[in-house]
Amino acid sequence: MYARFFKRFFDFWLSFIAIAILSPILLFLSLIGLIAMKGNPFFTQLRPGKISKRTGKEKIFKLIKFRTMTNAKDENGDLLPDEKRLNKYGKFLRSTSLDELPELFNILLGHMAIVGPRPLLVRYLDRYTSEQRQRHKVRPGLTGYAQINGRNAISWEEKFELDIHYVNHVTFFGDLKIIFGTVKAVLSHSGISSDTSATMEEFMGSNEEEMVE
């Protein structure tokens with residue numbers, strides 16, 4: 001009953017209140033980002049949302065975050081690797097998760113929820129196994145079960161297992177536990193990067209047969 005009737009109600013009003021309270025911080029970070037990133041302080045990208053009951057496909061929405069990487073390019077005009085574009089200001093935003101604050105507007109508009117599987121890249125859609133795609137049965141979240149159990153320090157397969165576990169066990173108290181767990185994870189700066197990347201390696205897909213085994 002919570003997932004079907006009350007979760008969206010809480011998401012709307014909590015995001016509305018949070019935006020009102022945090023508006024000075026949002027404005028301040030926008031101005032600082034304008035300087036630190038030498039231009040647009042916001043990063044927007046199309047992401048897949050919840051699967052539509054009408055079409056059976058994920059609803060695509062535009063996610064908004066504070067930009068954490070510059071647009072620095074090499075002599076050929078190609079973007080430099082993530083670790084070279086991630087400046088000190090960007091690292092600060094990521095370590096404190098302040099880069100995620102603009103997603104409150106995505107929550108307010110109904111694209112996302114406060115708690116749910118994190119919205120990933122559209123190009124990953126064709127790489128999911130049928131089981132992994134179940135993560136899109138609910139709205140993607142600002143934070144999620146995987147974020148308090150390793151974040152970027154665990155493998156993609158482990159992340160998806162945690163996401164699917166959440167989808168099958170959405171409860172009010174479960175969401176509260178994840179929110180408090182997120183605060184703890186942010187304060188401890190845990191799981192920000194993977195072992196081999198400044199952010200997280202690209203998901204290239206899983207072998208469905210291996211997943212079944």
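This report describes aromatic pairs, salt bridges and one pocket in a predicted model.

**Aromatic rings**

Across the whole structure, 15 aromatic pairs are found. One of them joins Phe12 and Trp13 in an edge-to-face arrangement, with 5.1 Å from centre to centre and 90° between the planes. Phe12 is partly exposed, because its relative accessibility of 28% is not under the 20% limit for buried and not over the 50% limit for exposed. Trp13 is also partly exposed, at a relative accessible area of 41%.

A stacked pair is formed by Phe42 and Phe66, whose centres lie 5.4 Å apart with 20° between the planes. Phe42 belongs to strand E1 (residues 42–51) and Phe66 to strand E2 (residues 58–66), so the pair links distant parts of the chain, 24 residues apart. Phe42 counts as partly exposed at 25% relative accessibility, whereas Phe66 counts as buried at 2%.

Aromatic residues also gather in a group: Tyr2, Phe9, Phe10, Phe172 and Phe173 form one aromatic cluster. A charged residue meets a ring at Trp156, where Lys159 lies over the face, at 4.5 Å from the ring centre.

**Salt bridges**

The count of salt bridges comes to nine. The table gives three of them, with the distance between the closest N and O atoms in each.

| Residue with N | Residue with O | Closest N and O atoms |
|---|---|---|
| Lys7 | Asp175 | 2.7 Å |
| Arg123 | Glu202 | 2.9 Å |
| Arg127 | Glu202 | 2.8 Å |

Lys7 forms its salt bridge with Asp175. This pair links distant parts of the chain, with Lys7 in helix H1 and Asp175 in helix H6 (residues 172–188), 168 residues apart. Are the two partners buried or exposed? Lys7 is buried, with a relative accessible area of 9%, and Asp175 is buried, with 3%.

Glu202 forms a salt bridge with Arg123. Here Arg123 sits in the loop between strand E3 (113–115) and strand E4 (141–143), while Glu202 sits in the loop between H6 and helix H7 (208–212); the pair links distant parts of the chain, 79 residues apart. Arg123 is partly exposed, with a relative accessible area of 47%, and Glu202 is partly exposed at 35% relative accessibility.

Glu202 also forms a salt bridge with Arg127. Arg127 lies in the loop between E3 and E4 and Glu202 in the loop between H6 and H7, so this pair ties together parts that are 75 residues apart in sequence. Arg127 is partly exposed, with a relative accessible area of 23%.

Elsewhere, Lys65, Asp99, Glu100, Glu103 and Arg118 are joined into one network by salt bridges that share partners.

**The second largest pocket**

Rolling a probe the size of a water molecule over the atoms shows where empty space is left. The second largest pocket has a volume of about 330 Å³. Its lining is made up of 14 residues, and Ala3, Arg4, Lys50, Val138 and Arg139 are the ones that lie nearest its centre. Which element gives the most to this lining? Helix H1 (residues 2–36) does, with six residues. By residue type, the lining of the second largest pocket holds six nonpolar residues, eight charged ones and no polar ones.

Note on methods: Residues numbered from 1 in each chain as written. Predicted model: local features only at pLDDT ≥ 70, side-chain atom pairs only at ≥ 80, totals over all residues. Heavy atoms only, no water. Phe/Tyr/Trp six-rings, centres within 6.5 Å; stacked < 30°, edge-to-face > 60°. Buried < 20%, exposed > 50% of the residue type's maximum accessible area, 1.4 Å probe, protein only. Helix = DSSP H or I, 4+ residues; strand = E, 2+ residues; numbered from the N terminus. Lys NZ or Arg CZ within 6 Å of the ring centre and 35° of its normal. 1 Å grid on protein atoms, 1.4 Å probe; cavity = no way out; pocket = protein on both sides within 12 Å on 5 of 7 lines; lining within 4 Å. Points joined across faces, edges and corners; volume = space filled by probe spheres on them. Nonpolar A, V, L, I, M, F, W, Y, C, P; charged D, E, K, R; others polar. Salt bridge = Lys/Arg side-chain N within 4 Å of Asp/Glu carboxyl O.
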